[in-house]
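Please take a moment to look over the structure shown below before reading on. The paragraphs that follow lead through it one region at a time.

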Amino acid sequence: MNTIEIDKVTKSFGDVVAVDDLSLAVPHGSVYGFIGPNGSGKTTTLRMIMNILYPNSGDIRVFGEELHGAATDRIGYLPEERGLYTKMKVRDILRFYAELKGRRDFKHKVGDWLERMELSEWANKKVETLSKGMAQKVQFIAAVIAEPELIILDEPFTGLDPVNAEVLKDAILELKRDGTTVIFSTHDMNVAEKMCDYVFMIFKGHKVLDDTLTSIQKTYGADTLRVSLDRDAGDLTTIAGVQRVNDYGAFKEVRMGTGADTQKILAALMERAVVQRFEVACPSLHDIFVRIAGPDALEPRP
Amino acid sequence: MRKIIVIAVREYQAAVRTKAFIIMLVAMPVLMSGGVLAHVLLKDQVDTTDRVIAVLDHSGTLFDSLQDAANEHNEHEAFDDETGKQQLPRYILRRSALDTDDPTTLQLAEECDKVRSGEVFALVVIGADVREVKEEKSAGQEKPVMRTVGGIDIYSDATTFDDFNRWLRSRVNSMIQKERFAAANLPQEKVNQCLVPVPVQARKPLGVDTETGEVIGGTRKREGTDILIPMATMFLMFMVITIGAAPLINSVLEEKMQRIAEVLLGSVTPFQLMGGKLVGMVGVSMTILTLYLGGAVLGAQQAGFGEHIPSNLGALVGWFVVFQALAVLMCGAMFIAIGAACSDMKEAQTMLMPVWIVICFPMFIWFIVVREPTSTFSVIASLVPPCTPMLMMLRLASAPGLPLWQPLLGVVLVLLTTVFCVFVAGRIFRVGILMQGKGAKIGDLIRWTVRG
């Protein structure tokens with residue numbers, strides 16, 4: 001059963017077409033990652049699922065029904081930027097959002113969540129006194145406290161240090177284990193790779209990726225090398241078969257052209273430096289993203 | 001419906017549980033009555049420095065009599081009999097240095113230099129023929145009138161409110177009248193007897209208390225105090241709108257800019273959100289109203305103004321609550337719409353100006369209405385929906401016998417207007433609250449309202 005079904009949806013704002021003929025199906029209980037450049041139509045799509053915006057054409061069915069003007073208590077939403085009343089206390093605001101979704105048995109739930117997110121000592125403080133990361137965690141709790149069946153998180157990891165990101169990641173995975181469907185949009189490809197069952201990429205209003213990570217990577221094939229050298233070996237693109245190099249400092253990601261010979265490239269590298277790491281791999285999601293949406297992007301994949 | 005209540009409760013608590021609310025509650029009445037308060041507290045602050053008056057007396061004898069009158073004033077009137085404290089300045093009269101019967105204006109101008117320099121407080125020029133009267137026929141009048149030929153000019157930099165002008169006018173006239181009565185062989189005591197005034201007292205109507213059977217009412221009306229209550233109702237209504245409804249602008253702006261609206265609209269519809277805000281705001285307004293009204297009535301009783309409390313207080317309060325609720329709903333809807341259409345306070349202020357002018361308009365014409373509460377103008381003005389809450393209340397408070405159909409019609413018209421305002425605001429709110437970036441223009445607002 002699909003939690004969300006988007007069927008040939010188009011949304012325009014005046015002359016600007018934000019989302020163009022988009023179709024998507026999000027299976028129940030999955031973690032779906034939405035990726036895409038800024039301004040690509042991600043947030044618009046999420047808002048249409050949330051029923052905050054209406055599509056100009058096409059249908060959206062959530063839990064098998066079309067939602068017309070009805071806000072639903074079965075969906076939790078974490079907006080991209082802070083959506084909290086700054087003058088309210090943390091406990092009060094969580095109680096408010098729970099009540100809004102019709103949950104009355106919230107007292108101990110608020111306490112539990114605060115403890116899990118390591119925010120217990122901030123329960124009676126006003127939101128404006130919280131740091132960005134803490135406010136983000138409070139916002140997350142507000143989105144999930146009513147135990148919705150579907151959670152939509154718009155860039156939840158922004159502004160979180162690794163420790164807090166870990167806390168959030170664990171919370172999301174636990175929700176998934178409980179059967180909640182999770183959609184989250186992110187710019188962090190590492191997180192998307194690790195957490196998502198499916199990845200959906202939107203670029204200039206069009207869907208360009210929609211599959212499991214493994215399938216996506218298989219489409220590109222093992223055309224990436226991850227190499228570490230002991231010293232600067234100059235411009236690697238001069239080596240035959242090397243199309244592009246992404247330098248990550250600790251290692252380089254080398255994209256091979258079609259028909260390139262991995263062994264010949266290895267030999268060429270060995271002539272320039274001591275090779276400490278040489279891995280034949282599928283491209284990372286980051287690399288795929290850049291290939292599709294980067295400045296010298298080729299034709300976007302269907 | 002339940003969600004509207006949840007939002008309303010949050011709005012209420014957020015508004016009432018702040019320091020700003022308490023401060024406004026206390027400061028508003030002080031601000032509004034500031035003029036009156038200052039007058040009461042400061043009216044005894046009078047400048048009591050001696051006033052030197054230069055007198056050029058062409059009439060001959062007036063100066064000496066005035067000198068006597070001034071001495072009388074300085075000894076008795078200028079000082080409080082009980083406390084001995086000086087409450088008025090002393091008048092020191094002296095003859096002007098100009099020693100001619102017919103000074104040129106240039107000479108007078110030079111004498112006035114002393115006024116400008118502060119050497120003297122004023123230059124008084126008494127005309128030679130102050131005692132002469134003649135008949136004059138003025139255009140448009142059948143019978144000729146008697147006029148004094150000469151006159152007295154006071155050259156000074158003081159305002160026309162200054163006590164000296166009044167004092168001089170009253171003394172000179174009483175002196176000359178005394179001379180004339182004496183010349184006509186009318187002794188002063190006889191004249192005084194003739195001039196004893198008859199008191200004519202305005203009173204409230206008498207009535208019979210339905211419970212005790214006693215005759216009540218008939219209390220004296222003091223000049224000016226019977227417009228106090230109508231005036232107070234108007235100010236009260238304005239204060240409640242300002243403290244209760246105006247914060248909605250900021251609240252909506254915050255929800256818009258902090259993206260709180262996005263989260264809320266995932267749980268409630270725009271109608272529920274706006275409805276909750278309005279209901280919460282009405283709750284806040286009623287709280288303020290109760291505190292102010294209760295405080296005013298209690299305060300009046302404590303201060304001994306119990307008799308000024310109108311006998312139909314119950315009915316008045318009833319009407320007030322209805323009109324106040326409608327007024328804050330009407331204004332509140334407009335504030336919400338503007339908050340949703342703008343992206344910062346500056347834009348909002350520009351759009352708010354015409355709204356505030358409309359809200360304040362009744363206060364510009366209040367005096368005309370309270371003076372003649374039953375005139376055609378007043379009736380019509382009080383039935384114009386934006387003005388109805390304040391003006392109809394004004395009329396109800398100043399003319400108890402108002403025909404019932406008038407306030408009832410007022411309520412109906414305002415109710416329809418309020419529903420319309422809420423509807424329009426809802427359309428604007430729905431689109432505007434999620435819009436980021438530049439604020440909307442009037443054209444946009446109209447488009448949103450029509451298209452939905």
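In this predicted model, a good place to begin is chain B, where helix H2 (residues 19-32) and helix H8 pack at an angle of about 140°, with their axes 11 Å apart. At that angle the two helices H2(B) and H8(B) are oblique to each other, because only angles over 145 degrees would count as roughly antiparallel. Their crossing, that of H2(B) and H8(B), is right-handed. On the side of H2(B) the contact is made by B:Met24, B:Leu25, B:Met28, B:Pro29 and B:Met32, and these meet B:Phe235, B:Met239, B:Thr242 and B:Ile243 of H8(B). Sorted by class, the contact of H2(B) with H8(B) has eight nonpolar residues and one polar residue, and no charged ones.

Helix H8 of chain B, which covers residues 228-245, also packs with helix H11 (residues 270-302) of chain B, again at an angle of about 140°, with the two axes 9 Å apart. H8(B) and H11(B) are therefore oblique to each other, and the crossing of H8(B) and H11(B) is right-handed. From H8(B) the contact takes in B:Leu236, B:Val240, B:Ile243, B:Gly244 and B:Ala245, while H11(B) contributes B:Met281, B:Val284, B:Ser285, B:Ile288, B:Leu289 and B:Tyr292. The residues of this contact divide into nine nonpolar and two polar, with no charged residue. B:Ile243 of H8(B) takes part in the contact with H2(B) and is also listed in the contact with H11(B).

Elsewhere in chain B, helix H12 (residues 313-341) holds B:Ile336. Is B:Ile336 buried or exposed? B:Ile336 has 28 other C-beta atoms within 10 Å, and because 20 or more are enough for a residue to count as buried, B:Ile336 is buried. Leaving aside residues up to four places away in sequence, B:Ile336 touches B:Leu248, B:Val252, B:Met274, B:Lys277, B:Ala425 and B:Phe429. The C-alpha atom of B:Ile336 is also separated by 8.7 Å from that of B:Leu253, although B:Ile336 and B:Leu253 are 83 residues apart along the chain.

Turning to chain A, the reader will find nine helices and 14 strands, in a C-alpha trace that spans about 70 × 45 × 35 Å along its principal axes. Of the 302 residues in chain A, 39% are buried. Among the contacts in chain A with a separation of 6 or more, 71% are accounted for by residues 24 or more positions apart.

The two chains meet where 19 residues of chain A are in contact with 15 residues of chain B. On the side of chain A that touches chain B, strand S6 (75-78) and helix H2 (90-100) of chain A each supply at least two residues, and the largest share, three residues, comes from H2(A). The residues of this side of chain A divide into ten nonpolar, three polar and six charged.

Helix H2 of chain A deserves a further look. Nine of the eleven residues of H2(A) are buried, so H2(A) is largely enclosed by the rest of the structure. Those buried residues include A:Val90, A:Ile93, A:Phe96 and A:Leu100, and also A:Arg95 and A:Glu99. The buried residues of H2(A) pack against helix H3 (107-116) and helix H4 (132-144) of chain A, together with helix H1 (2-16) of chain B. Just after H2(A), A:Gly102 takes a positive phi of about 85°.

Technical notes: Residues are numbered from 1 along each chain as its sequence is written. Chains are lettered from A and ligands numbered from 1 in the order in which they are written. This is a predicted model: local features need pLDDT of at least 70, side-chain atom pairs count only at pLDDT 80 or more; totals for chains, interfaces and linings use all residues. Two residues are in contact if their C-beta atoms, placed from the backbone, lie within 7 Å. Helices (H or I, at least four residues) and strands (E, at least two) are DSSP runs, numbered from the N terminus. Ala, Val, Leu, Ile, Met, Phe, Trp, Tyr, Cys and Pro count as nonpolar, Asp, Glu, Lys and Arg as charged, and the others, Gly among them, as polar. A residue is buried if 20 or more other C-beta atoms lie within 10 Å of its own, exposed if 12 or fewer, and partly exposed in between; C-beta atoms are placed from the backbone. Axes are lines fitted to C-alpha atoms, for helices over the stretch in contact, and angles run from 0 to 180 degrees between N-to-C directions. Angles under 35 degrees count as roughly parallel, over 145 as roughly antiparallel, 65 to 115 as roughly perpendicular and the rest as oblique. A crossing is left-handed if the near helix is turned anticlockwise from the far one by less than a right angle, and right-handed if clockwise.
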